[in-house]
Amino acid sequence: MLNKTDLQQIQKIVRQETRKIVKEELISVKKDIVQIRKNMNEIIGFFDTEYMDLRKRVERVEEHLNLPPITN
């Protein structure tokens, strides 16, 4: 039969293990967030560059054809 002290020790061990698991999961989530941010920055950088290149090309075509710039 378990006495009160045994139950307290079991509860203490369960809490410690739970904290370890939560910390490990938190570390994993943080790593995932860092990777997602890096990926987002790469994607944004790529499309920003593509947009600027396309904009330059459109401006060059407009200038060559003597068209007024399109404004939004």
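Colleague: Happy to look at this with you! How many helices and how many strands are there in the protein?
Modeller: Glad to help, and please keep in mind that this is a predicted model. Helix α1 covers residues 4-64. For the protein, the count is one helix and zero strands.

Colleague: What radius of gyration does the protein have, set against a compact globule of 72 residues?
Modeller: Let's begin with the C-alpha trace, which spans about 95 × 20 × 10 Å along its principal axes. A compact globule of 72 residues would come out near 11 Å. The radius of gyration of the protein is 29 Å.

Colleague: Nice. What percentage of the 72 residues is buried?
Modeller: To count as buried, a residue needs under 20% relative accessible area. Aspartate 32 in helix α1 does not qualify, because its relative accessible area is 45%, which makes it partly exposed. Over the 72 residues of the protein, the buried share is 1%.

Colleague: Which share of the accessible surface belongs to carbon and sulfur atoms?
Modeller: The accessible surface of the protein adds up to about 7,500 Å². Carbon and sulfur atoms account for a share of 59%.

Colleague: Which residues form a nonpolar patch on the surface?
Modeller: A patch residue needs over 30% relative accessible area. Isoleucine 10, which lies in helix α1, is partly exposed because its relative accessibility is 42%. Together the patch has about 360 Å² of accessible area. Its members are Leu2, Leu7, Ile10 and Val14.

Colleague: On to charges, then. How many salt bridges does the structure hold?
Modeller: One of them joins the side chains of glutamate 17 and lysine 20. Another brings together the side chains of arginine 55 and glutamate 59. The structure's total is two.

Colleague: What is the N to O distance between glutamate 17 and lysine 20?
Modeller: These residues are three apart in helix α1, so about one helical turn separates glutamate 17 from lysine 20. Glutamate 17 is partly exposed at 39% relative accessible area, and lysine 20 is partly exposed at 48%. Their side chains meet in a salt bridge with an N to O distance of 3.5 Å.

Colleague: And what is the N to O distance for arginine 55 and glutamate 59?
Modeller: Both residues sit in helix α1, four residues apart, or about one turn of the helix. Arginine 55 counts as partly exposed at 41% relative accessibility, and glutamate 59 is partly exposed with 39%. The salt bridge between their side chains has an N to O distance of 3.3 Å.

Colleague: How far apart are the mean positions of the positive and negative charges?
Modeller: The protein carries 14 positive and 12 negative charges. Averaging the places of each kind gives mean positions separated by 12 Å.

Colleague: What separates the C-alpha atoms of aspartate 32 and valine 58?
Modeller: Aspartate 32 belongs to helix α1. Along the chain, aspartate 32 and valine 58 are 26 residues apart. Their C-alpha atoms are separated by 39 Å.

Colleague: One last thing! Which residue has a positive phi although it is not a glycine?
Modeller: Most residues other than glycine have a negative phi. The residue you are after lies in the segment after α1, and its phi is about 55 degrees. It counts as exposed, because its relative accessibility is 68%. The residue is asparagine 66.

Technical notes:
Residues numbered from 1 in each chain as written. Predicted model: local features only at pLDDT ≥ 70, side-chain atom pairs only at ≥ 80, totals over all residues. Heavy atoms only, no water. Patch = residues over 30% accessible without salt bridge, like charges linked within 9 Å, V, L, I, M, F, W, Y side chains within 5 Å. Areas by Shrake-Rupley, 256 points an atom, 1.4 Å probe, with all protein chains shown as cover. Salt bridge = Lys/Arg side-chain N within 4 Å of Asp/Glu carboxyl O. Helix = DSSP H or I, 4+ residues; strand = E, 2+ residues; numbered from the N terminus. Buried < 20%, exposed > 50% of the residue type's maximum accessible area, 1.4 Å probe, protein only. Rg over C-alpha atoms; globule rule 2.2 N^0.38 Å. Lys, Arg positive; Asp, Glu negative; His and termini not counted. Charge placed at Lys NZ, Arg CZ, Asp CG, Glu CD.
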